Amino acid sequence: LVVSGASVSGLALGPLVPLLLETYGWRGALLLLAAISFNLVAAGALLRPMPVAGEAPGPPKDRPGLARLLRHGPFLRYALAFVLVDAGYYVPFVHGE
C-alpha cells in the first residue's frame, strides 16, 4: 500500500502533464509539478520514531529531533530504500512530452 503511491501518481500524472503543458507552458507546468511534490514534505514530517514506553511525551531533552531521527535504524533503512528506488526510477510522464 505504501509503495503503490508511485504507480498511482504515474497513472494520474500521465494525462495531467500534457494538459498542464498546453495550459501553462513548460515553466508553469514544472512549477505546478514542483508544488504538488512539495506536499510530500508534510508526509515526510510524519516519518519520525514512535515514542518509547516510559518516556515522557514531547521533544527529547538530550538531543535535537533531527539528530535523534538520524540515529533511528528503521527510519534510516526506510529513507535509504527510497533513495535507491528513486535513483533508478524512470519517470516517463516527465520525459514523454
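pLDDT is the predictor's confidence in each residue, from 0 to 100. Colour the protein chain by it to start: the average is 76, and 69% of the residues score at least 70.

This is a predicted model, where local features need pLDDT of at least 70 and side-chain atom pairs count only at pLDDT 80 or more, while totals for chains, interfaces and linings use all residues. Residues are numbered from 1 along each chain as its sequence is written, and side-chain values use heavy atoms, with hydrogens and water left out.

Now select helix H1 (residues 4-38), which has the highest mean pLDDT among the elements, 85. Then jump to helix H5 (residues 92-95), the lowest at 58. Helices here are DSSP runs of H or I, at least four residues, numbered from the N terminus. Where pLDDT is low, don't read the predicted coordinates in detail.

Next stop: helix H4 (residues 73-87), where you'll find Tyr-78. Show Phe-82 as well; the two are four residues apart in helix H4, so about one helical turn separates them. The structure holds one aromatic pair (ring centres within 6.5 Å). Tyr-78 and Phe-82 form that pair, edge-to-face (planes over 60 degrees apart), at 4.9 Å centre to centre and 65° between the planes.

How accessible is Tyr-78? At 32% relative accessibility it counts as partly exposed (between 20% and 50%, 1.4 Å probe, protein chains only). Phe-82, at 31%, is partly exposed too.

Finally, add Leu-47 to the selection: with Tyr-78 and Phe-82 it forms a nonpolar surface patch, about 230 Å² of accessible area together (Shrake-Rupley method). Patch residues have over 30% relative accessible area and no salt bridge (Lys or Arg side-chain nitrogen within 4 Å of an Asp or Glu carboxyl oxygen), with nonpolar side chains joined within 5 Å.

Key:
Patch = residues over 30% accessible without salt bridge, like charges linked within 9 Å, V, L, I, M, F, W, Y side chains within 5 Å. Areas by Shrake-Rupley, 256 points an atom, 1.4 Å probe, with all protein chains shown as cover. Phe/Tyr/Trp six-rings, centres within 6.5 Å; stacked < 30°, edge-to-face > 60°.
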